[in-house]
Amino acid sequence: MTTGVRHLKMAELSSSSGLPASTIRHYLRLGLLPEPLRTAPTMAYYGPEHRERLMHIRRRLEAGATLQEVRRELAGQTSPPARAEDDQPVHSSQRARLIEAGSAVFLRAGFEAASIEDVVARAGVGKGAFYRHFTGKRDLLAACIASELDWYDVATSGGEPSLERLMSHPDLFEHRRLRALISLFALLRQAEASGGTTDHDEALQEARARLRAPLEADLRAAQETADAFAGDERLQAEMLLAAAEYALVYAARSGSGQISDLIRRGWKIVLAGHIRA
């Protein structure tokens, strides 16, 4: 290991950067980060360059870039995007429009009723463009979820993990994008259940892990500071998300505008007996 350089374990890098470990691993799999220094099959260390890269990715996402655009920039592909005859950017803008259109169509019609024809019509592109970027509806739905998760990673990365931060997360559900993300997840679960295939199961589990990550970090921090009793953070995080989903359905059916208050009350019920008085 290089002398004079402070190398970090994954948990330390996550704490230092403010990003969940699941997000960092996701970036590693995408090739957005350099390989860490591995001293054993399950032991890796990260240097200052990893934190700097994470900060750069976060700034680019906050500026509105997609992970695909960031990946291309980091790969040194600085040449301008391909252009059509009318001199308009083609591939990256087409994919972004298809994802935006896909989200709108899925949320309006559901997965089964949504059609590729509706998506391409809303995006203003042809079917050929769709199949250059996606293999089908499931692939597009997964991309829609990944796009919203990029926003979610940034939105939940502020502040130190704590019980206080955990109980502030319900405020995020007032944001349309998080409500859309939860709805898209429900559609993907339905699609996987009805499709009878596990082809996308790994991607679904990885995406779900990114959704749980900030909640797990807060629950773990609460246990470390003795604000909460020891427990299974993953199970607790899933229970919190389930309570949030139920509250969103109830709010929609009842016409209640107090979404964050409903979710926070539900979370207090879920965590009763886990939090120290």
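This section describes the salt bridges, two individual residues and the nonpolar cores of a predicted model.

A search of the whole structure identified 15 salt bridges. One of the pairs consists of Arg29 and Glu206, whose side chains meet at 3.1 Å, N to O. This pair links distant parts of the chain, since Arg29 belongs to helix 2 (residues 21-30) and Glu206 to helix 11 (residues 201-224), 177 residues apart. Arg29 has a relative accessibility of 52% and therefore counts as exposed, the threshold for that class being over 50%. Glu206, at 22% relative accessibility, is classed as partly exposed.

A salt bridge is also formed by the side chains of Arg210 and Asp153, with an N to O distance of 2.5 Å. Here helix 11, which holds Arg210, is linked to helix 8 (residues 137-155), which holds Asp153; the two residues are 57 positions apart, and the pair again connects distant parts of the chain. Both Arg210 and Asp153 are buried.

Helix 11 contributes a partner to a further salt bridge, in which the side chains of Glu238 and Arg212 meet at 3.0 Å, N to O. Because Glu238 lies in helix 12 (residues 233-254) and Arg212 in helix 11, this pair ties together parts of the chain that are 26 residues apart in sequence. The two partners fall into separate accessibility classes: Glu238 is partly exposed at 23% relative accessibility, whereas Arg212 is buried, with a relative accessible area of 5%. Arg212 and Glu238 also belong to a network, joined through salt bridges that share partners, which includes Arg189, Arg208, Glu216 and Glu245 as well.

Glu233 is likewise placed in helix 12. Its relative accessibility is 18%, so Glu233 counts as buried, the limit for this class being under 20%. The side chain of Glu233 is joined to that of Arg220 by a polar contact of 3.1 Å. When residues up to four places away in sequence are not counted, Glu233 touches Arg220 together with Glu216, Leu219 and Gln223. Among these contacts, Glu216 is also a member of the salt-bridge network described above.

Ser17 is situated in helix 1 (residues 10-17). With a relative accessibility of 3%, Ser17 is buried. A polar atom of the Ser17 side chain lies 3.3 Å from the backbone nitrogen of Leu19. Apart from neighbours within four places in sequence, the contacts of Ser17 are Ile24, Arg51, Leu54, Met55 and Arg58.

The nonpolar interior was examined next. The largest nonpolar core comprises 56 residues, of which Phe106, Leu166, Phe173 and Trp267 touch the most other members. For Phe106, the contacts beyond four places in sequence are Phe111, Ala114, Lys137, Leu140, Leu141, Cys144, Leu184 and Leu187. A second core, separate from the largest, consists of 19 residues, including Leu28, Leu54, Met55 and Val70. Of these, Leu54 and Met55 are also in contact with Ser17.

Terms used
Residues numbered from 1 in each chain as written. Predicted model: local features only at pLDDT ≥ 70, side-chain atom pairs only at ≥ 80, totals over all residues. Heavy atoms only, no water. Salt bridge = Lys/Arg side-chain N within 4 Å of Asp/Glu carboxyl O. Helix = DSSP H or I, 4+ residues; strand = E, 2+ residues; numbered from the N terminus. Buried < 20%, exposed > 50% of the residue type's maximum accessible area, 1.4 Å probe, protein only. Polar contact = N/O pair within 3.5 Å; in protein donor to acceptor, adjacent residues only side chain to side chain. Contact = heavy atoms within 4.5 Å. Core = buried A, V, L, I, M, F, W, Y, C linked by side-chain atoms within 4.5 Å.
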